[in-house]
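This report covers ring contacts, cysteines and enclosed cavities, taken in that order.

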Amino acid sequence: MKIEIEQLKFRYPGAKEFVFDGLDFSADSGITLIKGFSGCGKSTLLRLAAGLLPPASGTIKTDSPYAVGSPRFLQVEVGFVFQQINLLPLASIERNIALSLDMAGRSKGDAKYWLDLLGITKYAKKMPQQLSGGQQQRASIARALAKSPSLLLLDEPTSGLDDLNTDIICKAIRKSVSQGTTCLVASHDHRLDSISNDILDFNTFLPVEEHLQTLV
Amino acid sequence: MLLGLLATMILTLYAEIERELKSQLEKNSIYRVFSSEIVSNNEAATVLGRTHEEEQIWKQRYGADKVRHIKQPLLSAFWKNAKSIPIIVYGEAEPEFRTNESLSEPAKIWFLSNGNLSLGAVERIRVLDRNTVSYPREMPDWISQNLSMDRAIAIPQEFMEVYLRKGFVNYTIANLSSLEEVEDYIEQMSAYHDAENRKIKIVSSLEVIKNLEKVTRFQQLARAGVLIGCGVILSCTLGSISWLEYRQESYLLALLRSFGTPAIILQLHAFFENFLLVLFGLVSAFFVWRLIYQSSDTYLAELGFEEIGSLGLPLYDTGIILLAGTIGVLLAMIPTSIGLRKPIGLILQ
């Protein structure tokens, strides 16, 4: 899927300043790494791309038949991995993934492959709170990848993880992208530089906040 | 449960007031009008000359069996060792006392009592300086109730003309059929006596009837108010619970929406959840009411409350309950509706 963002403006309710003030960006199949200092808008960009936030102005276009942000778009096209994982707390890992597949109209058998690839098959029947942070992270990624989304959005997918977990996740992302997925990854993690096809570095065109400058 | 008890207390209060008023009416006889006129010796001759005509007017207008006239002279009869008994005078128009089969046969003097005296076939009495006999019979209810007498001597008017000219009390007792007739009778009586410049005192249950109607009217409003009030309180309670629940579950709702769950589905879920809660509450209320009714012996029945089956509610009350419940359910959905308008990206991090 190709995604094109034109003249995007966005600010949070009650905020005076825009997070984005006329951003132009596009991405196609492959992995685009979005980098920048904390608070520059990396997560916000992912949520705008999924249609989870409404822009103040500008357009976000994809070649999907569904409107960006519509229920159908979210069901079928988007796989989102949140920074705070966000698994359904009262459902097992297996049920979390099955729900996502049901919504996308996919077979539940698709889940097994990704569970195996991410090494969490034996935790399938456990509840999220019974898993470690790394295991929950992998489960969240499995949920996003299982429905074979056209647009995969990952917000700090390797935050706080060791190298082993990071390698497993990178492998899974590469596998997904090989099937034509457009992947946007918001991360500080330099270990992801090697898997990315393109980098959008906010540091190069967004001014660092003053209070951070004084600390450097 | 607390709301139901409060509602029951309010409705019971109204029902108790209604019962008390009805009890007063039954004592006073709902459509009975009692009027009395004190006629002094100056007016007695004039009034006596007109009473026959007046009696005919009222009897023709309202029915001979509905309006009765008696007079009480300003003297008493004596019976057995100077026991004083009041005298009432009956006219030609009171057939109840006129049992003489022909005009040549004189009308009788009756000894009226409530049956608590030991009386013979005749009883000797003394009126002024004259001894005479009287015939015992039971005191009619309309005399004992209105004049508060347990015994009296009933004498035909023709025997008492001379004494009546010294002054008397003129009583009229009307047992009418409807509130409209009572109002009309009182109006006509008052107007007639005002025109004649005569003072008359009228006692009726009209005020009590009007108060009863007022209470009944307010009871209808109170019932509607109680039901709507309960509906509002319920909706506020459900709404508060819904809002608290939403704040707790806003994250969950946002997560489900991020999977692509349409907001309308979540809205319908909230609707059915509240609907089932209200339905459960109403059904429980029926059974709880039955328990309350059964445990209160006959008191609630006396107040006019009924034990209801599942379909036994009057249509008016059923309609109000359903309307209040529906409004409550819809109002309780407002917090969820407002919450579902919030962008998912502002909730999920």
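In this predicted model, the charged end of B:Lys108 is placed over the ring of B:Tyr135, at 4.8 Å from its centre. A second contact of this kind involves B:Arg137, which lies over the face of B:Trp110 at 5.0 Å from the ring centre.

**Aromatic pairs**

A pair of aromatic rings is described by the distance of the centres and the angle of the planes. Over all chains, a search of the whole structure gives 14 aromatic pairs. One of them joins A:Phe80 and A:Phe82, with 4.3 Å centre to centre and 20 degrees between the planes, and is stacked. A:Phe80 counts as buried at 10% relative accessibility, and A:Phe82 is buried with a relative accessible area of 3%.

In chain B, the ring centres of B:Phe97 and B:Trp142 are 6.5 Å apart and the planes stand at 45 degrees, so this pair is tilted. B:Phe97 belongs to the loop between strand 4 (83-90) and strand 5 (110-113) of chain B, and B:Trp142 to helix 3 (residues 141-147) of chain B, so the pair ties together parts that are 45 residues apart in sequence. B:Phe97 counts as buried, at 0% relative accessibility, and B:Trp142 is buried too, with a relative accessible area of 7%.

Ring pairs also connect B:Trp58, B:Tyr62, B:Tyr185 and B:Tyr192 into a cluster.

**Cysteines**

How many disulfides does the structure hold over all chains? The count is zero. A disulfide is a covalent bond between the sulfur atoms of two cysteines. Two cysteines of chain A can be described by their accessibility: A:Cys170 counts as buried at 4%, and A:Cys183 counts as buried at 0%.

**Cavities**

Rolling a probe the size of a water molecule over the atoms shows where empty space is left. The count comes to two cavities of 30 Å³ or more. Their volumes and linings are set out below.

| Cavity | Volume | Nonpolar lining residues | Polar lining residues | Charged lining residues |
|---|---|---|---|---|
| Largest | about 110 Å³ | five | three | two |
| Second largest | about 80 Å³ | three | five | four |

The largest cavity is lined by residues from chain A, namely A:Val78, A:Gly79, A:Phe80, A:Phe82, A:Ser100, A:Arg143, A:Ala144 and A:Lys147, together with B:Ser258 and B:Phe259 from chain B. Two or more residues of this lining come from each of strand 5 (78-81) and helix 5 (133-146) of chain A. Strand 5 of chain A gives the most, with three residues. Both rings of the stacked pair, A:Phe80 and A:Phe82, belong to residues of this lining.

Which residues line the second largest cavity? They are B:Glu37, B:Thr51, B:Glu54, B:Glu55, B:Trp58, B:His69, B:Asn170, B:Thr172, B:Met189, B:His193, B:Arg198 and B:Ile200. The elements that give two or more residues to the lining of this second largest cavity are helix 2 (41-62), strand 9 (168-175) and helix 5 (179-195) of chain B. Helix 2 of chain B has the largest share, four residues. B:Trp58, a member of the ring cluster with B:Tyr62, B:Tyr185 and B:Tyr192, is also one of the lining residues of the second largest cavity.

Technical notes
Residues are numbered from 1 along each chain as its sequence is written. Chains are lettered from A and ligands numbered from 1 in the order in which they are written. This is a predicted model: local features need pLDDT of at least 70, side-chain atom pairs count only at pLDDT 80 or more; totals for chains, interfaces and linings use all residues. Side-chain values use heavy atoms; hydrogens and water are left out. Rings of Phe, Tyr and Trp (its six-membered ring) pair if their centres lie within 6.5 Å; planes under 30 degrees apart count as stacked, over 60 as edge-to-face and the rest as tilted. Buried means under 20% relative accessible area, exposed over 50%, partly exposed in between (1.4 Å probe, protein chains only). A charge sits over a ring if NZ of Lys or CZ of Arg is within 6 Å of the ring centre and within 35 degrees of the ring normal. A disulfide is a pair of cysteine sulfur atoms within 2.5 Å. On a 1 Å grid over the protein atoms alone, a cavity is a set of points where a 1.4 Å probe fits but cannot get out, and a pocket is an open set with protein on both sides within 12 Å along at least five of seven lines; lining residues have an atom within 4 Å of a point. Grid points are joined across faces, edges and corners, and a volume is the space filled by probe spheres set on the points. Ala, Val, Leu, Ile, Met, Phe, Trp, Tyr, Cys and Pro count as nonpolar, Asp, Glu, Lys and Arg as charged, and the others, Gly among them, as polar.
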